[in-house]
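Colleague: Could you walk me through this one? I'd like to pick at the packing and a few odd backbone spots.

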Amino acid sequence: MGQSLGRLMQRRPHAIPVHSANPIMPPTGPAPNPTARSVICRRKAAWRGLPGAGALLYLVLGAALVLPLPLPAQQSLGGMYREGLSYLRREQPELAAQSWERLLKKSPYHFNAQLGLAKLYLDSDPERALPHLQSALELRPVSDSAHYHMGRYLEKRQRHEEAAQSYRQAIRLNARHYAANRRLRGVIRFLRKRQSLVERAAEKFWVNPSLAALTLFGRIVLRDSEPHQALLEFEQVRERLPELPEVQLWIARAHRGLGSLKGEIAAYEAYLDGNKEAHGVRLLMLERLLGAGEFRKAGAALERLERALQATGAGRRQAGRYQFLRSRFLLAKGDAGQAGEVLLASGKSGHDPAQVEEQFSKNVALYPAQAGLWRAYGDWLRHDRKPGRAATAYLKAATLDAALQPQVLPLLHALAASGEGGIEANLALGELALARGDEGEAIARLNRVPPGHQADARASLLLGLVYRNRGELTKSLEAFTRYVFSFEQRAGMSYARGNLFWVMGQKDVAAGMWGRNLKELRDYPQALVLMAGYLRESGEAGRELDVRQHLKAAAPENVANRIRLGDLLLEQGQAAAAAQEWEQASRHQTGDFDLLVRLGRAYLAQSQFEQGAAALRRAAQIGTLEPVMAVNLARHLLASRRYDDALDFYWQIYRTNPKHPDLVEAMPRLVINTPALPEQRLVAARFAEISQRPELAIELLEELLRLHPATKQARVWLASLYLQEKAAEEALLIIEGGAAVLGVADVASLKMLAAVQLKLEQTPQRAETLRRIMQLEPDNSEVARQLGFLLSEMHRLKEARPYLRTALTDNARNPKLLFYLARAELALSEAAFAESHLKALFAIEPEHWRGRQLLLRLLQRGQRWEELEAQLLPYLAAHPEDAEARYNLVVAYLNLFQYEQARPHYEILRAAQPRKVRTLQRYFK
């Protein structure tokens with residue numbers, strides 16, 4: 001027994017081997033104790049050879065190996081983890097989860113606890129398991145078990161392709177991970193089964209590609225493929241079949257599935273480039289922009305759509321839909337009155353009446369104080385054959401703006417005379433008459449409202465007031481009693497009594513009566529609105545907050561109440577609650593700039609930068625943010641690598657303050673990492689050049705030309721940067737590529753081409769380029785000067801003269817120009833013009849040597865020997881070594897028959913150059 005016991009105690013410290021596929025225990029960590037049953041079974045043979053007491057002792061010691069020992073009060077991290085394992089072995093997962101949650105509160109970097117919790121939650125609550133899986137992968141990216149369970153999560157979420165990638169990663173880390181192998185095969189079979197229909201559709205489409213085949217193929221791909229896979233399929237069709245532009249519409253749908261609004265809009269624009277009359281697509285694009293809150297882009301799309309509709313015409317239905325979307329845009333920009341008129345036009349043009357009605361209801365709820373909006377709403381209701389509601393809308397419009405009464409009164413009279421809507425019209429006419437002080441007309445109209453009608457309560461109240469003012473107390477009491485008892489419920493009667501005092505001018509009494517039990521007034525939010533406004537004017541913020549909380553419960557769609565409630569909560573220090581109220585209000589009132597700014601500030605005050613940035617970005621689509629706010633937010637977005645959003649704010653800063661110092665560093669960095677507009681890329685390149693980063697400017701311009709080859713300014717600018725970087729060959733390629741893309745070269749490109757050719761010493765080509773510039777700009781004296789000089793240096797004087805004459809208008813004191821022009825005139829036998837230009841040259845530069853030589857030639861050709869003598873004598877005094885000039889002087893003297901004066905010069909020449917004077921020897925024998 002002693003030997004057996006010794007062997008047993010020796011074996012206790014050793015770890016029992018664990019299978020490598022165990023996803024909880026790490027390969028190098030200690031293994032869990034086996035169960036009592038397994039230990040006892042393994043020791044069964046040993047018991048048989050021991051006496052009874054020995055067997056009993058052996059059994060007790062074996063059980064001690066596996067039964068959990070009592071844990072101390074302060075557990076270590078390892079003890080807490082082992083405690084969770086113990087609970088898990090006893091099939092108590094809830095207690096195991098609690099142990100590991102406590103462990104993670106102390107040490108969130110415990111990999112095994114993170115993975116264990118992920119496994120526990122994966123089947124019951126996958127979303128709860130996801131953060132633990134992500135943490136486990138961050139802690140140990142090379143864990144095959146973590147990748148395996150991430151694949152299980154992705155598979156549960158129907159993200160099969162991503163799940164397959166996770167399983168593959170698990171297998172790369174552990175080739176013997178059989179569970180990952182098995183699940184990967186299942187996912188691949190599923191994907192093949194699902195893609196088989198797509199493959200068959202693709203095969204059928206490519207056999208006979210057509211618009212009808214594309215329609216069928218697109219439906220199958222969108223239904224049975226992942227959005228990014230569908231996008232790849234459609235992009236392949238676009239590349240191989242550019243003559244089938246309808247594929248751009250399918251690309252747009254794929255981008256919508258991916259949640260990429262930019263990609264979707266780009267696809268629509270690509271389709272519209274070749275289909276100018278596709279108004280339905282234009283309308284769809286505009287609707288998507290408005291729905292996403294991209295009001296700036298929606299405005300530009302709206303202008304293009306309007307031009308397209310005017311140019312090509314549109315059907316009644318399309319015109320109605322266009323007006324409907326335009327009204328939404330105007331409302332978002334805050335022009336509610338104009339939005340109402342446009343919305344009315346859309347309804348009359350044939351747009352869906354239900355949508356028009358719904359939009360009008362939203363508009364008047366958002367902007368209840370817009371008289372023009374109520375007037376348009378009344379016109380629509382009358383057009384839609386709802387006269388009673390039309391009369392109410394007309395009354396609201398005339399009440400808000402007295403200037404509308406002359407327009408509204410004839411409409412109300414017409415409704416009152418009609419069979420339908422006459423009661424509401426009479427009530428409205430009575431109220432308007434009472435507002436004008438015409439009590440007789442008011443009484444006559446209000447008495448036409450029959451008892452029991454829904455308008456009876458209001459008519460009774462007004463009649464009571466009129467009779468009271470006229471001193472007819474009996475009739476006044478009857479009318480007021482009729483008004484109060486028109487409400488069957490107690491709350492209604494309380495509302496009626498308070499309203500009576502309110503109308504009588506005793507607002508404090510009415511507010512006190514209503515405030516006794518605010519819960520009763522939830523069915524009558526009108527009283528809560530009046531009471532909240534009264535308390536706001538009285539400065540009772542505490543009571544106002546209470547009233548507005550009840551009003552929110554009674555009328556959750558009241559946007560103005562939510563905005564004011566947020567202000568009150570912020571005053572109380574409840575920034576989170578205020579932000580929640582403003583968030584709810586912004587969902588209903590999308591175009592309120594001030595509301596979005598409030599919301600953004602509230603989020604930023606709580607350090608919730610993501611939500612604050614989103615709200616302020618929506619505000620920036622409508623109006624202009626304060627410079628400090630826009631700069632701070634842009635800096636945060638840039639630091640967070642939110643390049644798209646940061647670019648929007650920096651672009652707004654550029655529009656308001658183009659010299660802001662932040663732009664120099666930020667704009668190039670943003671544009672190089674973000675899909676940007678051509679004008680944004682140009683601005684970024686300019687800032688890169690200002691900050692002495694020409695290589696970055698070159699990269700920006702190269703990318704711009706790759707995306708937009710027809711951008712002339714970028715092409716010329718890039719060529720100039722290449723020249724500065726001593727890469728004239730690349731500059732030449734850029735300019736020549738622009739000529740190929742644009743077809744007709746512009747002046748700026750030709751000038752840059754001439755500069756490049758000058759650098760490359762391509763003289764004939766540069767002359768031709770300058771000639772083309774002169775054809776486009778005949779009066780360009782600077783280009784004419786360059787071309788004239790170039791042709792003169794090429795000895796093409798006849799061609800050079802007209803350009804030199806053109807350049808003379810702005811370069812009359814240019815010595816070089818005067819000389820070249822004189823030479824050209826002399827070569828073309830225009831001696832008088834040549835002499836005049838030489839005189840002008842000598843007036844500027846008396847010692848112009850080449851000009852003097854040209855003048856001597858002119859005098860010699862004209863046989864003006866005296867003038868030639870007068871020019872040569874002082875010249876030879878300064879330049880005695882000039883043999884040619886001395887020879888000309890000898891010739892001049894001989895022609896003047898002054899042999900004695902010629903002899904000394906002849907002798908000098910004969911001594912220096914005897915061959916040059918051989919022909920003159922006969923004159924000096």
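What follows is a short back-and-forth on a predicted model.

Colleague: Let's start broad. How many helices and how many strands does the protein have?
Modeller: Keep in mind that this is a predicted model. The secondary structure count for the protein is 52 helices and zero strands.

Colleague: And what share of the residues is buried?
Modeller: Buried here takes a relative accessible area under 20%. The protein has 925 residues, and the buried part comes to 47%.

Colleague: Which helix gives the most to the largest nonpolar core?
Modeller: As a rule, nonpolar side chains in soluble globular proteins tend to be buried together. In this model the largest nonpolar core has 127 residues, and Phe217, Phe234, Phe360, Leu625, Tyr650 and Met667 have the most contacts inside it. The helix that gives the most to this core, with eight residues, spans 643-656: it's H37.

Colleague: Phe217 caught my eye there. Leaving out residues up to four places away in sequence, what does Phe217 touch?
Modeller: Phe217 is listed with Phe234 among the residues with the most contacts inside the core. With those sequence neighbours left out, Phe217 touches Val198, Ala201, Ala202, Phe205, Glu233, Phe234 and Val237.

Colleague: How many residues are in the second, separate core?
Modeller: That core includes Ile773, Tyr803, Tyr820 and Leu821. Tyr820 also turns up in the contact of H47 with H45. The size of this second core is 51 residues.

Colleague: How would you class the packing of H45 and H47, parallel, perpendicular or oblique?
Modeller: H45 (residues 781-793) and H47 (residues 815-827) have axes 10 Å apart and pack at an angle of about 50 degrees. Roughly parallel needs an angle under 35 degrees, while roughly perpendicular runs from 65 to 115. H45 and H47 are therefore oblique.

Colleague: Which residues of H47 make that contact with H45?
Modeller: The crossing is left-handed. On the H45 side, Phe789, Ser792 and Glu793 take part. By class, the contact has three nonpolar, one polar and three charged residues. The H47 side is made by Lys816, Leu817, Tyr820 and Arg823.

Colleague: Now H36 and H38. How many polar residues does their contact have?
Modeller: Their axes come within 12 Å and cross at roughly 40 degrees, which makes H36 oblique to H38. The contact is made by Val631, Arg635 and Leu638 of H36 together with Asp662, Ala666, Arg669 and Leu670 of H38. By class, that's four nonpolar and three charged residues, and the polar count is none.

Colleague: On to the backbone. Is Glu91 buried or exposed?
Modeller: Glu91 isn't a glycine, yet its phi is positive, near 60 degrees. It is found in the loop between H5 (77-89) and H6 (93-106). The cut-off for exposed is over 50%, so at 71% relative accessibility Glu91 counts as exposed.

Colleague: Where is Gln158?
Modeller: Gln158 has a positive phi too, about 65 degrees, although it is not a glycine. With a relative accessible area of 52%, it is exposed. Its place is the loop between helix H9 (144-156) and helix H10 (160-173).

Colleague: Last one, on Glu162 in H10. What is the C-alpha to C-alpha separation of Glu162 and Gly151?
Modeller: Glu162 has a relative accessible area of 39%, so it's partly exposed. Glu162 and Gly151 are eleven residues apart in sequence, and in space their C-alpha atoms are separated by 7.4 Å.

Key. Residues numbered from 1 in each chain as written. Predicted model: local features only at pLDDT ≥ 70, side-chain atom pairs only at ≥ 80, totals over all residues. Heavy atoms only, no water. Axes fitted to C-alpha atoms, helices over the stretch in contact; angles between N-to-C directions. Helix = DSSP H or I, 4+ residues; strand = E, 2+ residues; numbered from the N terminus. Parallel < 35°, antiparallel > 145°, perpendicular 65-115°, else oblique. Left-handed = near helix turned anticlockwise from the far one by under 90°. Contact = heavy atoms within 4.5 Å. Nonpolar A, V, L, I, M, F, W, Y, C, P; charged D, E, K, R; others polar. Core = buried A, V, L, I, M, F, W, Y, C linked by side-chain atoms within 4.5 Å. Buried < 20%, exposed > 50% of the residue type's maximum accessible area, 1.4 Å probe, protein only.
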